[in-house]
Amino acid sequence: MRKPCPPPTVHGPRMEFFRHIFSHPVIPHFLTVASFLLAVFFVARLLAEKRQPGNTLAWMLIILLVPYVGVPLYLMFGGRKFRRLAERKSSLLPQLEGLKSLDAVSQILPTAQAIDAAGASPSVGGNSVQLLTTGEDAFKTLEAQILAARHSIHITTFILGRDETGRRIVKLLAQRAREGIKVRLLLDAVGCMFSSRKFVQPLRDAGGEVQRFMPVVPLSTRHTANLRNHRKIALFDQHTAIIGGHNLARDYMGPVSYRKRFRDFGVIIRGPGAALLNEVFLADWCYASGQSSTKLHEELLPEAIRSEGESAMQIVASGPDVKGDPLYEGIISMIQEARTSILIVTPYFIPDEVLWRSLMVKARSGTEVTLILPARSNHPITDFARRHYTRELRKAGAHIRLYGPGMLHAKAVMVDHRIGLVGSANFDLRSLFVNFEIGVFLYSETDVLAMRAWAEELLTHCREPKAEKKRRLLTGLAEDLSRLFAPLL
């Protein structure tokens, strides 16, 4: 009787060869030296990037202490400014021929001058601004503008939900593409990773175009998971724009109310400011698609650049494709220029040392500083990380207000009755120094007063933080660790 054949073994000749190689006593020493050299190389690269000290220190700690983890993480998530990326992308100093309506009043404001000097475009007048304060209003406006467009629809978003809101938007865009409207949809590759090609294929089949911004390719020098396009812009006929914090998903907007919907904020802009926002979109689109900027500019409509109102504004893009940090410097200037009040609405509050100290000084000097945050955000680690900053601000005399129940996703800054800021950027290090973001500084008193009225209504849903008890060991440790690694969040 034949004996049964033994089960196949995984220890074949090839496995034996690799086991022999890696069991050699020299290999562990080689790996140790190699990891040390890699760590030294990336630390030198970190120092050369001239980041914020806290950000540099956080990355140095993880690279030096745990190089096997820190080096791969830095390769994927550590990039900030890339010279080659900026050279490949179209310039993000949005300017258009025929745009002559510069606003003389806002040009003399220190904030406008600081932003201009930091590398952004000058302010422009002749715009109208309408606030979007609910997700239902935002969706209704977006749907109406999609249906009313006569020439083009350009949309960029960080998240496109695989839900009824996302499906309805894709269906509407496909309908307009079949009707001959030029439809372009730009999706962030990480934020929209669950919106598969199949999900947006109806738009492609109808003749629309879809591109993904900076797909994550392992070991690629061109793409990194850290550099995300967080801009949210919807443009119609190069003349009307919707910007703010709303992503295209049920949590942010929809045709009917939704119990778990985030409280968000945005504006609809008509006029030359929208034409400048279209320039930002085209620069992102050309980078993602490889299409010619010259060819796309042949589609521009001269009649799109026309006056629609009295609002003055400054369009400010920030990110790895911008030489400096005009959005960050604009916020610093706003705070320093404040005379009576500073009101900040943000879902995440992890400022750098300069922003934090500027707010502390203003609060101590008698300026009314109010910070509106969600009582509990959708990222608990950021709630731990903000505690130290808000605690010290309260001691300095600032007012901290917690919104709830529900998540607050709105982003806005108001100084006195003179300057407002709305856009996609959160009040944290990632938005201010890493992500591709967009902001609009509003210089007309009417617009800023409207923003303050919205914020006052928001305050009716807020409470003061409870008096803090003595810190427990575990919660204190979680807070300290979160703050230590805040620059990486």
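In which loop is M214 found? Select M214 to begin the tour of this predicted model. The residue sits in the loop between β4 (209-213) and β5. Its phi is positive, at about 50°, although M214 is not a glycine.

A second backbone feature can be selected next. Move to G404 and P405, where the connecting peptide bond is cis and omega is near 0°. P405 belongs to the loop between β12 (399-403) and β13. Both stops deserve a student's attention for a general reason. Most residues other than glycine have a negative phi, and most peptide bonds are trans.

**Helices α8 and α9**

Select α8 (135-148) together with α9 (residues 164-178). How do the directions of these two helices compare: roughly parallel or roughly antiparallel? Their axes come within 9 Å and cross at roughly 15°. Because angles under 35 degrees count as roughly parallel, α8 is described as roughly parallel to α9. The crossing of α8 past α9 is left-handed.

Display the side chains where the two helices meet. On α8, choose F139, L142, E143, I146, L147 and A148. On α9, the partners are T165, R168, I169, L172, L173, Q175 and R176. This contact consists of eight nonpolar, two polar and three charged residues.

**Helices α9 and α10**

Keep α9 selected and add α10 (residues 197-205). The two axes approach within 7 Å, with a crossing angle of roughly 20°. That angle makes α9 roughly parallel to α10. From α9, the residues to show are G166, R167, V170, L173, A174 and A177. They meet F199, V200, P202 and L203 of α10. Sorted by class, the residues here are eight nonpolar, one polar and one charged. L173 of α9 deserves a separate selection: it is listed in the contact with α8 and also in the contact with α10.

**Helices α7 and α13**

Now select α7 (residues 110-117) and α13 (residues 326-337). Their axes come within 9 Å and cross at roughly 160°. Because angles over 145 degrees count as roughly antiparallel, α7 is roughly antiparallel to α13. The crossing of this pair is right-handed.

Which residues make the contact? On the α7 side they are P110, T111, A114 and I115. On the α13 side they are P326, E329, G330, S333, M334 and E337. By class, five are nonpolar, three polar and two charged.

**Empty spaces inside the model**

The tour ends with cavities. Rolling a probe the size of a water molecule over the atoms shows where empty space is left. How many cavities of 30 Å³ or more does a search of the whole structure find? The search finds four.

Start with the largest cavity, whose volume is about 150 Å³. To centre the view on it, select K232, A234, I242, H246 and L248, which lie nearest its centre among 16 lining residues. Then colour α8, β2 (152-157), β5 (233-236) and β6 (240-244), the elements that give two or more residues to this lining. Helix α8, already visited for its contact with α9, thus reappears at this stop. The lining has nine nonpolar, six polar and one charged residues.

Finally, turn to the second largest cavity, which holds about 110 Å³ of space. Its lining has 17 residues, and K411, A412, V413, L421 and A425 are the ones nearest the centre. Colour α13, β9 (341-345), β13 (412-415), β14 (419-423) and β16 (437-442), each of which supplies at least two lining residues. The largest share, three residues, comes from β14. By class, twelve residues of this lining are nonpolar, four polar and one charged. Helix α13, which meets α7, is thus also part of this wall.

Technical notes: Residues numbered from 1 in each chain as written. Predicted model: local features only at pLDDT ≥ 70, side-chain atom pairs only at ≥ 80, totals over all residues. Heavy atoms only, no water. Axes fitted to C-alpha atoms, helices over the stretch in contact; angles between N-to-C directions. Helix = DSSP H or I, 4+ residues; strand = E, 2+ residues; numbered from the N terminus. Parallel < 35°, antiparallel > 145°, perpendicular 65-115°, else oblique. Left-handed = near helix turned anticlockwise from the far one by under 90°. Contact = heavy atoms within 4.5 Å. Nonpolar A, V, L, I, M, F, W, Y, C, P; charged D, E, K, R; others polar. 1 Å grid on protein atoms, 1.4 Å probe; cavity = no way out; pocket = protein on both sides within 12 Å on 5 of 7 lines; lining within 4 Å. Points joined across faces, edges and corners; volume = space filled by probe spheres on them.
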